[in-house]
Each structure stands twice: as structure tokens, then as C-alpha cells.
Amino acid sequence: MALDLERLAERAGLDSGGLLRRFEEDEAALSGQERVVFKAAMEIADKAVNRSATAPTLVARLVELARSVAGDPAARRVRGDGTVLGTGLRRTLSARTLHVLSELGLYEDINSVAPVWPHAGMLILNPMLGCSFGCVYCFRADEQRESVDWFLNGRPTQVIEEEAVIERLERHPLFIPGLTQIGLHTATTEPFLPQVRESTFRLLDLLEERGWGNDVMIITKHFVRDKDVERLSGYRSFQIMLFLTHNAAPAEMETMGAAPGFLARKQRTVELLAGHPRLLAAHYYRPIVPGWNDGDEQIAEALSFGEPLGLTVIGGLKGVPHLPESSLRRGLSLPVVAKGAGEEKHFPDELVGRILTVHRRLGLTSTIVGDQSCGLTVMLSRDRGTAVPNVEAVKMYDSVPGRRPKCMALCPADQLAACGHPPVPEPDTVRSVLARTGIPASFRISADGVRLRSARPLSVHETESVAAHLRFAVFAQHDSGHNPNSPSGLEEDMCDDH
């Protein structure tokens, strides 16, 4: 079947006739296996492209990709008559084609996840795409739903080398050595799946070589093997903060993690960590979904799992596209999701109350917090022996009218005091963070936040980054009017640098 490249050519700023000729010329120079892969990559690109950009190197990049995929001895070969890709190979090709399109500005998913992805003031490193854990609520599961089924059903795929990711991290405008918190594989895969584990350790090895000293967060639903814990405890130039996820989910909710043997190996991970005090660890108890995993027995199981770690982060479910259909298809009840946009999650007060009731009934002593940033902060406070302010300044933001408080006020008094009244940053500190991140803004410092004013709208990522680096609330306004990052009532006049 002849390719119709009109749409792809238009989006890439190319002449359709010229694109077809270039395709035919490059196709003729490829081997039989490479030719089939190249044509499939062009078909995937034509269906997936959803943005316009000038991309003169598109065909060359897909030729390079076809040669790489076809030459990978681990890739499944073309099947049948030599014109059809096997399912595994096609899924691998799909993931890597989407990455190429994204790099060229021709594709953007609704979550805008990049190999170095700013999120909540951190920078997340993502050299892989794809996950086989099978979570029905996965926020990446619907990517390319209508054309290519690859994310949940295929093996994780390397789309960029770890060395290139670390180089991008070093050049990233929001990265400050020794200060910016880093996360691994939290947006695109599971860091301790067998196919991903060595990528996780390669990233850690490269960070160790650089010696920057940035704290590293790893969230995992998987178990961590004895030898993996030994390797993790061997890094010396940075602090690892490990979140072990267990939410007593049924198999319909999380396919891989529900088996009794799997849970036993996760519990073994908790026991192993007790012998490695250099590794900071907490229990990640989320999402908790009414009707799915919120029974009292399930709550007791999950809380008991986290008790030896002394710290549990609880949270609800974020709505994702097609979640109702996916839930019903797996035999789950229809989930209730938060109404409205953004990061809001459905987590009713009644459910929180039941969790705390079970916690008291069991006589547990672990600290319960309601936000990832709280978990990171408590781990660091315990490690340093003194309370440090919340990295996202959530307690300060909680005072903003109309915001649902994130602080559950269940931490020790010294931790609550540190989060509620963090040290006010010095002007030189604010000036240094703005200069190092390249954010063009004047500022005013007050006891309840730093106000930034700029000639252009500052992105959410920029304001979150400044807040995380300062551990202090930051509000932004640009000169042409209201900035959605700035809560109503906080847009005030400012003078430069004071």
C-alpha cells in the first residue's frame, strides 16, 4: 500500500512531493528488514504527528531509527512474508518513533513528558518508554490509544541513552548542581522492572561520577532485590530517597503486583532496608480508590506494610482519559474522580478519616502525610536530625484562599513549625536562583512568600522550581496582566531586588 504523506509533510513544513521522493530514495538504500521498519516508522509518524514544526531532518532521523531498530538483536524480527512487523517490534518502534517526533516538535502528548521533565520543582529523568506493570489508572496508558497499543502491553523501550539524559540534565535551565532534587523513571516506566533496572543503575552511576550531590528520588511498585539494595547503599555523592508503593490493590487494578509472592518480595525489601540506614525510605500508599482498595482489611494491610518504615504517604486517584471504560473492562466499579483540571485527586475526607481510624486501632506509630513533598521532607529531616522546611512550601501555600490544604498536621511539632515558618530567603539567595535558572524577574520578599514580576508569563515549572530551590512560597505575575500561577489577591507591586 502506498504511503500518503500529505499530512506529515504539511505538519513538518515540507513539500509532499519532495518528502515522498526522499522517502523512496532512502528506502532503496536500506536492507529488506530496515526497509520494512522504515516504512512502518513513517506510517506511525503520519498517524501520530499532532503539532506543526519545521523539521527538515525528519526522514533522516527515521532512517537512523529504522537501522537501529532493525539491527537490534533483541528486537523481534519481521514475520510471515517479510512485510509485516511482529507485535513486539512494532511496539518498540512506536515508542521510539514518538520520541523522535517529540524531539522534532511534531508530537506532544497531554502530559508533555520529556527525557528531562520538570515536575513539582524536581527534574525527572526518563530514558525509557513503556511499562508492563498493568495499572488501570496509569496516566500514560492512553497515549496513541487509537493507533498504536504499546504502553501497557509492551516491554519498556529505551528511547535515549542514559549518558544523553545526564548531559541534558546538566544543560537544563532549571538544574542547579547540589540543589535541584532529581527523580528517576517516575513518568514513563517502573524503575525496577527487569528491563529497566540496569537503566536505573546506569543513571545513578553517571550521577555518582559527576559528584553533584543532588538528592535522588525513586518511586517503585516493584520489589527491590537484595543485591539491588546493596548497590543502592553504595552511592556516596548523593542521598537516595526511596518510596516503596503498596496499596493493597486487587489484580484488576494493578496486574503485576497483586500476587502473594510478589507482595512477599516487597515485604522482604522493607526488611532489607532496615539494615541500610544510609537509604532513606518511606511507604507510598496511593492511589486509594473508593470501591477498589479502600476496605478496612485492605487499609490495615497497607498500613501494616508501611509501619516498619515509620512514614506513609497517602493519596487518592487522579482522573485520566478513558479510565471509566478501562475500569469496566477489567471488572472494576466506576471510579469517582475529582472534577476540574490540574492535579486534583479524589480523596474524600471520609476515606482519610477511616484510614486514620484503622491506624489508631492497630496501634501503629508511623507518621502519615498527604503529599509526596511531605514524605521527602520528613525523610530528610530524620536523616539530618533536625526539621527542614517542606521542599514545596505546601504549608505556606495552604493559607491561600480557595486552596484545599495539603498539610495533614500529623507530623511532630518541630516539623510543623519548620514547614509553617521556614527561614525567609535572603535577597542574594533569590537573586542567585533566578540567575542560575535564567528566569528574568524582579522580586519582593515578604514573610508569606516571594513575589516575582516578569515581562513574560512565567511557566508553572519555573515558579515551582524557584519555590523548591528556596523551600519558600513563590507567586508570579507578568507585567501585561494576571498570571494564572499567581493566586487572586497576591498580585502586588514590586521593586527590583528587594
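Three elements each give at least two residues to the lining of the largest cavity: β12 (367-369), α13 (372-384) and α15 (413-420). The model is a predicted one. The lining of this largest cavity counts 16 residues. Closest to the cavity centre are C374, C407, C411, L416 and C419. Of these, C374 falls within the span of α13 (372-384). L416 and C419 fall within α15 (413-420). By class, the lining holds 12 nonpolar and 4 polar residues, and no charged ones. The space inside is about 120 Å³.

The structure has 3 cavities of 30 Å³ or more. The second largest holds about 40 Å³ of space. Its lining includes P118, H119, A120, G121, M122 and L123. L174, T180, H461, E464 and S465 also line this second cavity. Two or more lining residues come from each of β3 (116-119), β4 (122-125) and α17 (460-470). The largest share is that of α17, with 3 residues. By class, the lining of the second largest cavity splits into 5 nonpolar, 5 polar and 1 charged.

The two linings compare as follows.

| Cavity | Volume | Nonpolar | Polar | Charged |
|---|---|---|---|---|
| Largest | about 120 Å³ | 12 residues | 4 residues | no residues |
| Second largest | about 40 Å³ | 5 residues | 5 residues | 1 residue |

Which residue is the charged one in the second lining? Glu counts as charged, so E464 fills that place. The lining of the largest cavity has no charged residues.

Notes. Residues are numbered from 1 along each chain as its sequence is written. This is a predicted model: local features need pLDDT of at least 70, side-chain atom pairs count only at pLDDT 80 or more; totals for chains, interfaces and linings use all residues. Side-chain values use heavy atoms; hydrogens and water are left out. On a 1 Å grid over the protein atoms alone, a cavity is a set of points where a 1.4 Å probe fits but cannot get out, and a pocket is an open set with protein on both sides within 12 Å along at least five of seven lines; lining residues have an atom within 4 Å of a point. Grid points are joined across faces, edges and corners, and a volume is the space filled by probe spheres set on the points. Helices (H or I, at least four residues) and strands (E, at least two) are DSSP runs, numbered from the N terminus.
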